[in-house]
Amino acid sequence: MKVQCSRLLHLLPAALLLAASTSGEPAQAQQPKKGGILKFVVPDEPPSFDGHRETTFALAHPIAPFYSTLIRIDPEDKTAQNYVCDTCTEMPKPTDGGKSYAFKIRKDVKFHDGKPVTVADVHATFQRIIFPPQGVSSARKEQFGMVESVTISGDDTLVFKLKYPSGAFIPALANPFNFIYAKATLDKDQHWYEKNVMGSGPFIFETHEAGALVKGKRNPNYHHAGKPYLDGFEAIFAKTQTLRVQAIRGDQAAAEFRGLPPKSRDDLVAALGKDITVQESDWNCVLLMTPNHSRKPFDDVRVRRALSLAVDRWGGSKDLSKIAIVKSVGGIVFPNHPLAAKKEELEKLAGYWPDINKSRAEAKKLLKEAGVSDLKFTLTNRAVDQPYTIVGTWLLDQWKQVGVTAEQKMEATGPFYASLNAGNFDVALEFNCQSVVNPLSDTSKFMPTDGAQYGKFQDDELVKLHNAMNRTADEAEQRKLMRAYEKRVLDEQAHNLITLWWYRIIPHRSYMKGWNITPSHYLNQDLSVVWLDK
Amino acid sequence: MLRYVLKRLLLMIPTLLGAAALVFLLMRLIPGDVCVLRLATGGGSMDPTVINNCRVELGLDQPYLVQFLAFIKGLATFDLGKSMWTGRPIVNEVGLRFQLSLQVAIMATLTAVLIAIPLGTISAVKQNTWIDYVVRAFSIAGVAMPSFWLGILIILGILITSKAWFGQPWMPPIKYVPLWVDPFYNLSMLIWPALATGYRYSAVATRMTRSAMLEVLREDYVRTARAKGVFRKLIVRRHALRNALLPVVTIIGIEFAFLMGGLVVTEQVFNLNGLGKLFVESISNHDYNMTQALVMMVVAIFAFTNLVVDIVYAWLDPRIRYSR
């Protein structure tokens with residue numbers, strides 16, 4: 001029995017390879033060199049070390065190198081869409097009509113304290129992630145909604161039983177936050193990993209200086225032979241973007257793995273020339289406008305559609321990509337994915353029409369029909385420069401073209417989410433950011449039932465479409481349902497309005513080799529294949 | 001004197017209590033809470049029960065009065081609790097940053113004193129000469145120029161100069177190593193923020209030294225000393241400067257206390273893991289416990305510094321006595 005969506009996923013590498021690009025790197029492959037300490041900057045510090053609980057890249061960048069996962073995306077594959085085993089022996093073929101997956105666990109994997117990683121440890125890990133005990137936070141529990149049970153078979157096999165076949169299962173399993181923890185430790189204290197690190201990954205935890213850095217050293221017993229190449233790494237926390245750019249320029253750090261704006265890339269290239277290499281990719285993050293359906297006049301679909309019709313996404317992409325970390329025009333699915341709308345499909349949706357004048361004329365007509373030709377409202381936005389402020393300011397101008405006056409209210413992250421949770425906003429500019437490209441799961445953000453859906457609306461038809469899409473085994477049917485789901489979200493009901501997809505730019509010192517950009521800043525950060533050419 | 005010091009120490013208690021009540025209330029007026037920030041801002045979906053569990057775990061579900069009493073009890077027993085953001089003991093979190101902030105504050109104060117007192121004195125003695133004009137321009141520039149901006153200029157200057165001279169751009173280290181572990185590395189990191197903040201600090205102190213010196217130099221006892229034929233250097237150093245230093249000491253004391261927790265932007269410019277950065281992070285993370293602890297620490301530092309300044313007054317001017 002084949003994995004659902006498998007054909008689509010096979011098509012994806014070629015598409016994404018086109019989306020990612022590298023400059024400044026020698027064309028021929030080099031033999032990795034061993035040794036050296038990689039220093040890189042991290043814009044934030046994680047609240048805890050527990051990957052199962054946290055959702056931030058600030059955890060992935062300094063902490064992921066200490067842990068193994070069951071499966072992962074192939075770290076040496078630039079497309080970041082091929083799934084390979086980390087602690088299992090081989091990728092299993094599903095049985096029972098796509099509802100059962102049996103993973104055999106490797107015998108040679110050891111925690112850094114020398115104890116072997118057993119199937120019981122992997123079982124305890126996924127029990128904690130999928131069925132967290134009382135008082136334990138699991139940020140990815142909902143991604144495993146299709147899982148019925150996780151059991152141990154024999155002495156080395158872990159079996160996942162699904163409620164229904166789902167193409168979202170394998171990508172969810174490959175999430176880089178699914179760190180394998182020791183059962184014995186979890187049995188004693190479910191919260192131990194929040195403040196401590198003990199993994200089986202390529203690097204052994206050395207120190208954490210709060211607010212300053214995390215240090216790791218090479219794991220000589222790593223289960224992937226010959227790796228890692230580095231002797232160690234230092235993840236240095238540096239809040240300000242200017243400082244991070246200067247740190248790379250002044251060689252206090254080799255890279256920053258989240259992403260920098262085009263101007264910083266250009267400055268670094270101008271200052272360092274061949275000493276800097278730039279890798280770029282579409283980013284699995286998007287900014288979306290969410291009208292508050294519980295407030296007038298945003299309960300009126302005509303008003304919501306008009307707000308989308310006023311926005312010139314095609315023109316905005318050209319201009320904003322010069323100054324901000326946004327670029328691609330897309331629907332609700334990551335651009336270039338086989339499940340994503342093609343340009344001709346997008347152009348049929350409200351707000352994506354090729355003729356912006358026609359689109360804005362329609363917007364004015366709808367506003368007039370709704371009796372709000374001179375609509376005034378507040379756009380609640382996060383006080384974060386890249387890309388929130390820039391895109392927010394652009395939206396104000398776009399709406400002005402159809403006679404709508406919006407005022408931008410910038411809020412710090414805490415008050416911003418407080419406003420969203422309390423429904424205390426007219427229209428908000430928020431984001432959907434995911435790791436492994438997994439459209440079936442990623443698009444659950446648009447469901448009325450999702451905890452992070454701040455629009456406050458009910459739409460049974462939308463729920464039906466999403467459920468049908470997740471349960472069908474037919475790939476063509478899946479794509480058709482995704483189009484219908486997308487049209488309902490963005491056009492017919494205009495529940496949420498997509499702006500532009502983010503664009504990831506990573507300028508790094510040219511002596512850092514082996515690291516490949518992916519569509520997510522959460523992925524490919526275990527550093528096992530990174531080496532220094534110094 | 002001992003009685004006076006004890007009295008001042010006792011007076012610090014109501015000051016601390018007032019500050020405690022104020023910071024407790026102000027923190028809770030800011031919309032949002034640490035659990036939403038920690039768990040629901042990653043961009044994906046989130047189960048609301050997880051956020052509720054977090055609130056219960058941190059005691060945020062308790063009435064404000066219960067939370068306040070727990071805070072006061074912690075203060076009284078010197079148990080500052082744990083950071084709501086990291087879960088680590090606050091004493092450990094603050095201790096790490098305290099040594100860095102203290103070193104920068106001391107280095108900046110030394111820079112300021114070494115610049116301000118000679119320049120202020122020379123400026124006063126050479127009033128209305130070109131030297132005076134240069135010193136005044138230098139000090140006005142220091143007051144007008146934000147230290148974080150000067151910091152950015154310093155870093156850019158180092159990057160450009162090092163590239164021009166050595167072919168590769170260099171910038172000061174961005175991770176802290178204690179002075180006793182590697183003095184050269186430590187100083188190559190901290191000398192620049194100390195200079196940037198010390199310059200602004202010195203500008204204020206230079207102007208104060210100059211004006212105080214001008215006032216003292218016009219006093220009768222200085223004129224008398226001159227009439228008696230005392231050397232000018234001796235008059236300036238022994239009779240004028242010592243008396244002129246009283247207001248300067250006040251400025252230095254206040255600035256020193258400010259430097260311990262107020263170098264927010266400068267710390268970010270140089271990536272210093274100091275108390276100012278911790279302060280801003282704890283407020284933006286809605287880490288009530290940490291913010292409250294830091295505010296109380298800064299209040300205590302200010303109160304203690306003021307006490308030290310008063311004691312130094314008595315040493316500088318024997319006429320000042322605090323027996324009553």
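Two residues count as in contact here when their C-beta atoms, placed from the backbone, lie within 7 Å. Keep that in mind for what follows, and keep in mind too that this is a predicted model.

**A lysine in a loop of chain A**

With that cut-off, and leaving out residues up to four places away in sequence, Lys227(A) touches Pro202(A), Tyr222(A), Ser528(A) and Val529(A). Where does Lys227(A) sit? It is found in the loop between β9 and β10 of chain A. Is Lys227(A) buried or exposed? A residue is called buried if 20 or more other C-beta atoms lie within 10 Å of its own. Lys227(A) has 21 of them within that distance, so it is buried. There's a long-range partner to look at as well: Trp531(A) is 304 residues away from Lys227(A) in sequence, yet the two are 9.8 Å apart in space, C-alpha to C-alpha.

**The five-stranded sheet of chain A**

The two strands that flank this loop, β9 and β10, belong to an open, mixed sheet of five strands in chain A, ordered β8-β9-β10-β2-β11. At its edges are β8 (203–209) and β11 (255–256) of chain A, each pairing on one side only. Strand β9 (residues 213–218) of chain A runs antiparallel to strand β10 (residues 232–237) of chain A, and five bridges link the pair. If you want a spot to zoom in on, Lys215(A) stands opposite Glu234(A) in β10(A).

**The three-stranded sheet of chain A**

Chain A also has an open sheet of three strands, in the order β5-β7-β6, with antiparallel pairing. Here β5 and β6 (147–153) of chain A stand at the edges with a single partner strand each, so one side of each has no neighbour in the sheet. On average, and ignoring direction, neighbouring strands in this sheet are turned by 15° against each other.

Strand β5 (residues 100–104) of chain A is a nice one to follow by eye. In a regular strand the side chains alternate between the two faces of the sheet. Which residues of β5(A) point to the buried face? Tyr101(A) and Phe103(A) do, and they are buried, while Ser100(A), Ala102(A) and Lys104(A) point to the other face and are not buried. The partner of β5(A) is strand β7 (residues 157–162) of chain A, joined to it antiparallel by five bridges. Across that pairing, Phe103(A) stands opposite Leu158(A) in β7(A), and Ala102(A) stands opposite Val159(A) in β7(A). Helix α3 (residues 119–130) of chain A packs on this sheet and touches β6 and β7 of chain A, its direction making about 165° with that of β6(A).

**Two helix pairs**

Two packed helices are described by the angle between their axes and the distance between the axes. Here are one pair from chain A and one from chain B:

| Helix pair | Axes come within | Crossing angle |
|---|---|---|
| α16 (residues 460–471) and α17 (residues 475–492) of chain A | 9 Å | roughly 155° |
| α10 (residues 232–262) and α13 (residues 288–316) of chain B | 9 Å | roughly 165° |

The angle for the chain B pair makes α10(B) roughly antiparallel to α13(B), and α10(B) passes α13(B) in a right-handed crossing. Residues of α10(B) in this contact include Leu245(B), Val249(B), Gly253(B) and Phe256(B), and those of α13(B) include Val298(B), Phe302(B), Val309(B) and Tyr313(B). By class, the contact of α10(B) with α13(B) has 15 nonpolar, five polar and one charged residues.

In chain A, α16(A) and α17(A) are also roughly antiparallel to each other, but their crossing is left-handed. Among the residues making the contact are Leu462(A), Leu465(A) and Met469(A) of α16(A), along with Leu481(A), Tyr485(A) and Arg488(A) of α17(A). The class count for α16(A) with α17(A) is nine nonpolar, two polar and two charged residues.

**Chain B and where it meets chain A**

What secondary structure does chain B have? It comes to 13 helices and zero strands. Its C-alpha trace spans about 85 × 65 × 35 Å along the principal axes. Of the 324 residues in chain B, 40% are buried. Among contacts in chain B with a separation of 6 or more, 71% are between residues 24 or more positions apart.

How many residues of chain B are in contact with chain A? There are 44, and they meet 46 residues of chain A. On the chain B side, α2 (34–39), α3 (48–58), α5 (90–125), α7 (147–166), α11 (264–269) and α12 (275–284) each supply at least two residues. That side of chain B divides into 22 nonpolar, 15 polar and seven charged residues.

Terms used: Residues numbered from 1 in each chain as written. Chains lettered and ligands numbered in written order. Predicted model: local features only at pLDDT ≥ 70, side-chain atom pairs only at ≥ 80, totals over all residues. Helix = DSSP H or I, 4+ residues; strand = E, 2+ residues; numbered from the N terminus. Nonpolar A, V, L, I, M, F, W, Y, C, P; charged D, E, K, R; others polar. Axes fitted to C-alpha atoms, helices over the stretch in contact; angles between N-to-C directions. Parallel < 35°, antiparallel > 145°, perpendicular 65-115°, else oblique. Left-handed = near helix turned anticlockwise from the far one by under 90°. Pairing = 2+ DSSP bridges. Buried ≥ 20, exposed ≤ 12 C-beta atoms within 10 Å, placed from the backbone.
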